[in-house]
Amino acid sequence: SILIDQLLALSESDSRTIIERTEAVSCNTLCGMAISQSGVAEDRNHHFEFKTELSDGEIITTNATYASRALCQLLENAQKFSPNGGTIKLSCEWQDNRLLLTVENTVTTPIPEAEAEHIFEPFVQLDDFHQGVGVGLSVSRNVIRRLGGDIALDTSCNDNVRFVLALPR
């Protein structure tokens, strides 16, 4: 049933329909939703850090359900691909009128720069050792783009894996 859910999400994500951004939500609330959904804060196998200098009054207009689900996917991937005892960091900041949500995690094998775009294609997995069908990043990127933002792999991060999710204010 997890596979079916992922395939349904993939077929829905194929849509080019703009997702309405009508909810005013604090950046910290958005992060809190994703942290809660992913269970990363309770994960005893990893050290989790959430860093923000934003106040609860700093608001973004978006679709909180879709945006938090995409961020949750990045946090779940970080849990899946970090070794036991590894660190997962979530940070958020404003830059050029965009909210940047950064998920960074320790890894045993960094993602090669040549794969930076390839990993966002449906059914792509760089190794066979982890569960999943390889649609999470593809679905998440499509959803965030339909919200007017983007998700990218930060290839300047050599030792860890760092994804940056950007949403318009």
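**Group meeting: a salt-bridge network around helix 4**

Glu117 and Arg141 form a salt bridge, with 2.7 Å between the closest N and O atoms; the term denotes a side-chain nitrogen of Lys or Arg within 4 Å of a carboxyl oxygen of Asp or Glu. The pair links distant parts of the chain, 24 residues apart: Glu117 belongs to the loop between strand 5 (98-106) and helix 4, and Arg141 to helix 4 itself. Helices (H or I, at least four residues) and strands (E, at least two) are DSSP runs, numbered from the N terminus.

Before I continue, a word on the model. It is predicted, so local features need pLDDT of at least 70 and side-chain atom pairs count only at pLDDT 80 or more, while totals for chains, interfaces and linings use all residues. Residues are numbered from 1 along each chain as its sequence is written, and side-chain values use heavy atoms, with hydrogens and water left out.

Let me give the overall arrangement. The chain has four helices and seven strands, and along the sequence they follow the pattern α-β-α-β-β-α-β-β-α-β-β. Of its 169 residues, 45% count as buried. Buried here means under 20% relative accessible area, exposed means over 50%, and partly exposed lies in between, with a 1.4 Å probe and protein chains only. Among contacts between residues at least 6 apart in sequence, 72% join residues at least 24 apart, a contact being heavy atoms within 4.5 Å.

I return to the charged residues. The structure holds five salt bridges. Besides its bridge to Glu117, Arg141 meets Asp150 in a salt bridge at 3.6 Å, N to O. Asp150 also pairs with Arg145, at 2.9 Å, N to O. Through shared partners, Glu117, Arg141, Arg145 and Asp150 are joined into one network.

Which members of this network are buried, and which are partly exposed? Arg141 counts as buried because its relative accessibility is 7%. Glu117, at 48%, is partly exposed. Arg145 is likewise partly exposed, at 44%, and Asp150 is partly exposed with a relative accessible area of 29%.

The setting of Arg141 is helix 4, residues 136-146, where ten of the eleven residues are buried. Among them are Gly136, Leu137, Ser140 and Arg141. Gly148, which follows the helix, has a positive phi, near 90°.

What does Gln73 touch, leaving aside residues up to four places away in sequence? The answer is Gly136, Leu137 and Ser140, and these three are among the buried residues of helix 4. Gln73 itself is in helix 3, residues 64-81, and is buried because its relative accessible area is 18%.

Helix 3 deserves a closer description. Its 18 residues reach 26 Å from the first C-alpha to the last, close to the 26 Å expected at 1.5 Å a residue; the expected span is 1.5 Å times one less than the number of residues. Its buried residues include Ala64, Ala67, Leu71, Cys72, Gln73, Leu74 and Leu75. At the N-terminal end, Asn63 acts as a cap, with a side-chain oxygen 3.2 Å from the backbone nitrogen of Thr65.

I turn next to the aromatic residues. A search of the whole structure finds one aromatic pair. The criterion is that rings of Phe, Tyr and Trp (its six-membered ring) have centres within 6.5 Å; planes under 30 degrees apart count as stacked, over 60 as edge-to-face and the rest as tilted. For Phe120 and Phe163, the centres are 6.1 Å apart and the planes stand at 85°, so the pair is edge-to-face. Because Phe120 lies in the loop between strand 5 and helix 4, and Phe163 in strand 7 (residues 160-168), the pair ties together parts that are 43 residues apart in sequence. Both phenylalanines are buried.

Finally, the cysteines. How many disulfides does the structure hold? There are zero, where a disulfide is a pair of cysteine sulfur atoms within 2.5 Å. Cys72 is buried, with a relative accessible area of 6%, and Cys157 also counts as buried, at 12%.

To close, I come back to the opening pair: Glu117 is partly exposed, whereas its partner Arg141 is buried, and both belong to the network that includes Arg145 and Asp150.

Key. Polar contact = N/O pair within 3.5 Å; in protein donor to acceptor, adjacent residues only side chain to side chain.
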